[in-house]
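User: Please take me on a close look at the disulfide bonding here, and then carry on to whatever ring contacts and strand pairings you can describe. I work with cut-offs all day, so please state yours as you go.

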Amino acid sequence: MKMRTLLAASLMMGAAPAAIAQPGGAEGWISHAEAGPAVRPIVLHFRRTVTLPGKPRAYTVRVTADNRFILFVNGARVATGPSTGDILHWREESIDLAPYMKRGVNVVAATVWNGVQPLKLPANPTPAQVSAAQGNSLFTNTAPLFQQSVATGFRLIGEGDAAELSTDRAGWRVKRDQGRGFVNGWGQVKRWYYVAGNPEKIDAAKTDFDAAGPQEKGEGWQDAVPAPDAAKRTLVPDRLPQQSYTPVAAGKVVRTDLPAAMTFPARAVTIPANSKATLLIQRDAMVSAYPQLDVSGGKGASIKLLWAEALYDAKSRKGDRNLIEDRKPIGIWDSFIADGEKRSFAPLWWRTWRYAEITVETKDQPLVLEGLRAYETGYPFQQVGKFASDDLELARIFDIGWRTARIDAHETYMDTAYWEQLQYAGDTRLQMLISYAVSGDPRLAEQAIDAFAASDAEGGLMEGAWPTRGNNVIAPFALMWVGMLDDWRLRQPDAAPIVRNIPRMRRVLDWFEAYRRPSGLLGKNPQWNFIDWVGQPATDRTIFPSYGKTDESCLMSVSWLGALQQGAAIETAFGDSSVAQRYAARADTVKAAIRNRCWVPARGLYADNPDGDRFSQHMNALAILYDVATRDEAGAIIDRIMVPGKGIDAPEGITSVSYYFSWYLAQALVHAGKNDRYLDMLKTWRDLLAMHYTTWPEERDDAGQGGKGQSTRSDSHAWSAHPSADLLGIVAGIGPAAPGYARLKVEPALGSLKSLSATAATPQGPVSVRYRISGSTLNAQITRPAALPGDFLWNGKRYPLTRTTTKLKVPLR
């Protein structure tokens, strides 16, 4: 996501949601005799044989590890995990091994690794020393920042007949892989903030490629030992499905200094002895995948496999994402050393790329690059939502947004699959909405709600990103978590995730009370009050939002106002009516203060601070969305903060929203009854199409994208993908008319479109619409689940959907 100031780590943050976290047994954790806390990073191979009289119908095990595992049965890759959690919510997978088992001898094996390096601390460290050590570890650590750790270990508990396979029984063997290691990614890219999956290095001569095979090979195998320290955590069942692992094209060579390599990877290519060669590979679109480079021969040859989202010119700018010419990739890289045998080099963690560069330097033997394979991975969403219209660019915007959302959705939502892989509350709220509309699968969203609730910081707030080893409290992101609950209230029928988190919601909302001034507005609080990137340096936390001479912020106050309104609605539906009344009353007080202190009649706008000298689309969009502005005022405000034909750009003198915060601007349009202006907003994304993006970026770019001569760091940022949800919700008009999606509302905003067909997911099943304008008539066809009642709204009139497929002809105007 963005540059962070990271403070002291605390791995034991937060109380577990009582309905989820259940203590697991301490038994069964095993490790290697050398795998002490100071021995990291480390890669271990475990294996166990079991003889069965016949192929079982069921053979269920619960498995987890610190940090990660890949599980194999009879040489086949079966599962990975555990899904990302924290120390108090350490997940274990339930897996049925029966499909992979056979009569006779079976080998169950796991590769386990831990890259979290212990902090280098003096005896009895002070908080300042802990903070300094944590910050310094970013430049040296060899595990992604989201990864927590207690102690290296592996645990597998079998159920029923599979109990004999459990790690609390004898028979498990373990070996330390001396040929695998990790490198700090930030040290490779240097100028950009990188805390995601770390680069790997593999020395084939020292690596065991057959650890999951039929027999133990090589030296180093020994009996596994108990790992009681690893058991010092709370185990919870993982309710998420296994991540996908699907073969896809790795790309094709588009530039090389070895002409014969132009056909790679479709055909093998030989790199002569005592030579160097470089192959630049391009995919048609960005991907998150497990790569596998197959080679043979070339003993002692070094191979560097670099992964990049885009290519850069001599000034480190990206520009058109399809340009190759003299541009070069910049990013992390994995490194391999060949041993002369036929090998498949594969990092343990997946990579994200559109461009990959293979650099080979051979010694006395030629090396054959046999092939490059890729196995796409991510949360296994099933696409339900679709969008098509007579404006073909809109379908491209929808598809690219959905691709971005999928690339950034794994065991958690991620701000960027390439650079950080962290689940941030502001990003995640929008990613959840895309999931609801396009897939209808709420499980990853529920994970996110509970994950943030488990994070506890500063007396009631939560970490801006969670899980993490760091500390990065972003006060407004806690308010956006309340927004997540309210989004769930409207779109999901299951009340349990809200009910169990109401006490946590109260702590968030009440935290801001201490900073309320006599005027009713919020004053400064000591946390990072990040609202949006609006051109300020990543390390500057004072420019936006503005507090003015009185140290009061209209923008922070309206953010709190929205969360108070959402909290009141949640309490009314599922909580305490007296608390609902208290939040509603406080919201009215804050609203009155904003109207009194922040409205500037001469501008017809709400200012960012009571001085009335700074204005933003952010402040005015939220003032509309949370009913500070009246309906009559709202339309005029929209006209003052938006420029027709300029997308999300604001008029001079008004701060523009980013790709991210433009979602709130879009919702303000809807709230103000200006739905038809939404398509004009999408000019900003149309401009990106001309730059040949295949996933949406983090910030405004150079080369005509409103930037200041600097390229966005990230090309895979799902907070910019919200048009995929809003094309369905605003343009096609499919959305909830009652909490829990108990009733359907179809209210399209077609703008200049003449035809449109779309499908959106709902908890009751897909809803499909078809619109066609013929002369002065709109022909509409709506197909809905039988259990979902609803209405079609057009030009202020309501048409009940009386059939599962309803056809209407209504006047266009």
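Analyst: There is one disulfide in the structure, a term that stands for a pair of cysteine sulfur atoms within 2.5 Å. Cys554 and Cys598 make this link, with 2.1 Å between their sulfur atoms. About the S-S bond the angle is -90 degrees, and the link of Cys554 and Cys598 is left-handed. The two partners come from distant parts of the chain, 44 residues apart: Cys554 belongs to helix α9 (residues 554-574) and Cys598 to helix α10 (residues 577-598). Helices (H or I, at least four residues) and strands (E, at least two) are DSSP runs, numbered from the N terminus. Both Cys554 and Cys598 are buried; buried means under 20% relative accessible area, exposed over 50%, and partly exposed in between, with a 1.4 Å probe and protein chains only.

A word on the source: this is a predicted model, where local features need pLDDT of at least 70 and side-chain atom pairs count only at pLDDT 80 or more, while totals for chains, interfaces and linings use all residues. Residues are numbered from 1 along each chain as its sequence is written, and side-chain values use heavy atoms, with hydrogens and water left out.

Now to the rings. Rings of Phe, Tyr and Trp (its six-membered ring) pair if their centres lie within 6.5 Å; planes under 30 degrees apart count as stacked, over 60 as edge-to-face and the rest as tilted. By that rule the structure has 35 aromatic pairs. One of these is stacked: Tyr245 and Tyr375, at 4.7 Å centre to centre with 5 degrees between the planes. Tyr245 sits in the loop between β14 (235-237) and β15 (246-248), and Tyr375 in strand β25 (residues 367-376), so this pair ties together parts that are 130 residues apart in sequence. Tyr245 is partly exposed at 34% relative accessibility, whereas Tyr375 is buried, its relative accessible area being 15%. Tyr418 and Trp419 give a tilted pair, because their planes meet at 55 degrees, with 4.9 Å between the ring centres. Both Tyr418 and Trp419 are buried, and they share one aromatic cluster with Trp192, Tyr194 and Tyr312.

Charges over rings come next, counted if NZ of Lys or CZ of Arg is within 6 Å of the ring centre and within 35 degrees of the ring normal. Arg233 lies over the face of Trp29, 4.5 Å from the ring centre. Lys304 does so over Trp333, at 4.0 Å from the ring centre.

Trp333 leads on to strand β22 (residues 333-337), where the side chains alternate. Asp334 and Phe336 point to one face and are buried, while Trp333, Ser335 and Ile337 point to the other and are not. Strand β11 (residues 200-203) runs parallel to β22, joined by three bridges; two strands pair if DSSP finds at least two bridges between them. Phe336 of β22 is the bridge partner of Ile202. Strand β19 (residues 302-308) pairs with β22 in the antiparallel sense over five bridges, and Leu305 stands opposite Asp334.

Two open sheets deserve a look as well. One has five strands in the order β26-β33-β34-β35-β38, with antiparallel pairing. Its edges are β26 (386-389) and β38 (805-811), each with a single partner strand, so one side of each has no neighbour in the sheet. Neighbouring strands in this sheet are turned by 10 degrees against each other on average, direction ignored; axes here are lines fitted to C-alpha atoms, for helices over the stretch in contact, and angles run from 0 to 180 degrees between N-to-C directions. Within the sheet, β33 (residues 755-760) and β34 (residues 767-774) form an antiparallel pair over six bridges, with Val769 in β34 as the bridge partner of Ala758.

The other open sheet has four strands, ordered β31-β32-β36-β37, with mixed pairing. Here β31 (734-736) and β37 (797-800) are at the edges with a single partner strand each, so one side of each is left without a neighbour in the sheet. The twist from one strand to the next averages 30 degrees. Three bridges join β31 and β32 (residues 744-746) in the antiparallel sense, and Pro736 stands opposite Leu744.
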